[in-house]
Amino acid sequence: MQRYSAVSLLRHALSGHKGWGRAWRAPEPKRSYDVVIVGGGGHGLATAFYLAENHGIRNVAVLEKGWIGGGNVGRNTTIVRSNYLLDGNTQFYEFSMQLWEGLSQALNFNVMFSQRGQLVLAHSADQLDAFSHRANIMRLNGIDAEILDRDEVRRLTPYLDFSDTARFPIAGGIFQGRAGTARHDAVAWGYARAADRHGVDIIQGCEVTDFVRDGGRITGVVTTRGTIHAGRVGLAVAGHTSVLGAKAGLDLPIESHVLQAFVTEPLKPLVQHVVAYGADHFYISQSDKGGLVFGGGLDGFNSYAQRGTLAAVRDVAEAAVALMPCISRLRLLRHWGGVMDMTPDASPIISPTPVDGLHLNGGWCYGGFKATPASGWCFAHTLATGEPHPLSAAYTLDRFRTGWTIDEAGAGPYAWLQ
């Protein structure tokens, strides 16, 4: 690993950032690999790393049509949590949380994981009772959870609207102290560098346009940088899953929508935790730079655009001001969109497909960033062995045919109203 002294760091900084060594190589694609992973986001990079780290499979290529960090892994609100209710989700996301807790050490790269805790607000006695049910499920699975009454919430978050005229009075909340945030681009860079150290080829600017077939089996991919053969192909392309799936002959139960995120101008420390609104789909935290980072629900139409819309700005701003009137005069610095692949039950797919040689990691809806480590761990197991990992066995593509869905409303919009 390349190391820099304090003097060299200063010299590089003052030189206009010239002379830095590459964090990972920029290789030309080889003719063939044992495994080709399509998609250089967090899930694809994590899969490549764990293929090498856990299974010793290093003849691997990660193909990214853009640049590392340019997709959903760099277009989210950075929240990490494991406060899920349903069997299958609960264990998987808690395993992901455990991986997050050791991720900087495992990658030898600071992903800036901050366990500041997440508070989800309840706005009625019935909602608080539903949260108690969720908290009990979490505790039975060894996950930390606390039920807070109104006064405890007020002591924790005095900046919220507790007035008699509040649009949605606060009755209490559920708190997970181990939840928090991580620096999204650092996660991508950390996995990319660690995978590269194992010999994985990370190939940017390489768009997959079709698949190579031998009979009924997928044996490689056609790309803008030539044909690449593979023993197995894994798709981890987020919002473009249905597009590439169709090229392989799959009609997937996935729709693509835009989910937007927002950042305000910086201010002094105010929001110490991640706070989620139980009356609307809204969540907020404060970055180390001082900006408030927040988001809301999906745009209500299908799209592949990585940009925001004014309708969503209005809706999310209304929720923000209703929850925190003190931020009503803050200026919005920027907002952006990530392309979400939504399944009918809003839970993911980590599974072989009916097409021999092709495996799928997609349908992450609202859960993609927080699932990054466990997703890579389990998808690597599937690609290495051909079998599902026990923690992701419920995420089969076949569940939509059999009816064994995992419908938790994605733990996203209105999930907290259950």
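What percentage of the 418 residues in the protein is made up of buried residues? In this model, which I should say at once is a predicted one, the buried residues account for 55% of the 418, where buried stands for under 20% relative accessible area.

Let me begin with the overall form. For 418 residues, a compact globule would be expected to have a radius of gyration near 22 Å, and the protein has 22 Å, so the two agree. Taken along the principal axes, the box that the C-alpha atoms fill is roughly 70 × 60 × 40 Å. The protein contains 11 helices and 18 strands, and, among its contacts with a separation of 6 or more, 75% come from residues 24 or more positions apart.

Turning to the surface, the protein exposes about 17700 Å², of which carbon and sulfur atoms supply 52%. As for charge, there are 37 positive and 37 negative charges, and their mean positions lie 10 Å apart.

I would like to spend the remaining time on one element, helix α2, which covers residues 42-55. At 1.5 Å a residue its 14 residues should span 20 Å, and because the end C-alpha atoms are 19 Å apart, the expectation and the model agree. Of those 14 residues, 11 are buried, and therefore α2 is largely enclosed by the rest of the structure. The buried residues of α2 are G42, H43, G44, L45, A46, T47, A48, F49, Y50, L51 and A52. Just after α2 comes G56, which takes a positive phi of about 70°.

Methods
Residues numbered from 1 in each chain as written. Predicted model: local features only at pLDDT ≥ 70, side-chain atom pairs only at ≥ 80, totals over all residues. Heavy atoms only, no water. Helix = DSSP H or I, 4+ residues; strand = E, 2+ residues; numbered from the N terminus. Expected span 1.5 Å × (residues − 1). Buried < 20%, exposed > 50% of the residue type's maximum accessible area, 1.4 Å probe, protein only. Rg over C-alpha atoms; globule rule 2.2 N^0.38 Å. Contact = heavy atoms within 4.5 Å. Areas by Shrake-Rupley, 256 points an atom, 1.4 Å probe, with all protein chains shown as cover. Lys, Arg positive; Asp, Glu negative; His and termini not counted. Charge placed at Lys NZ, Arg CZ, Asp CG, Glu CD.
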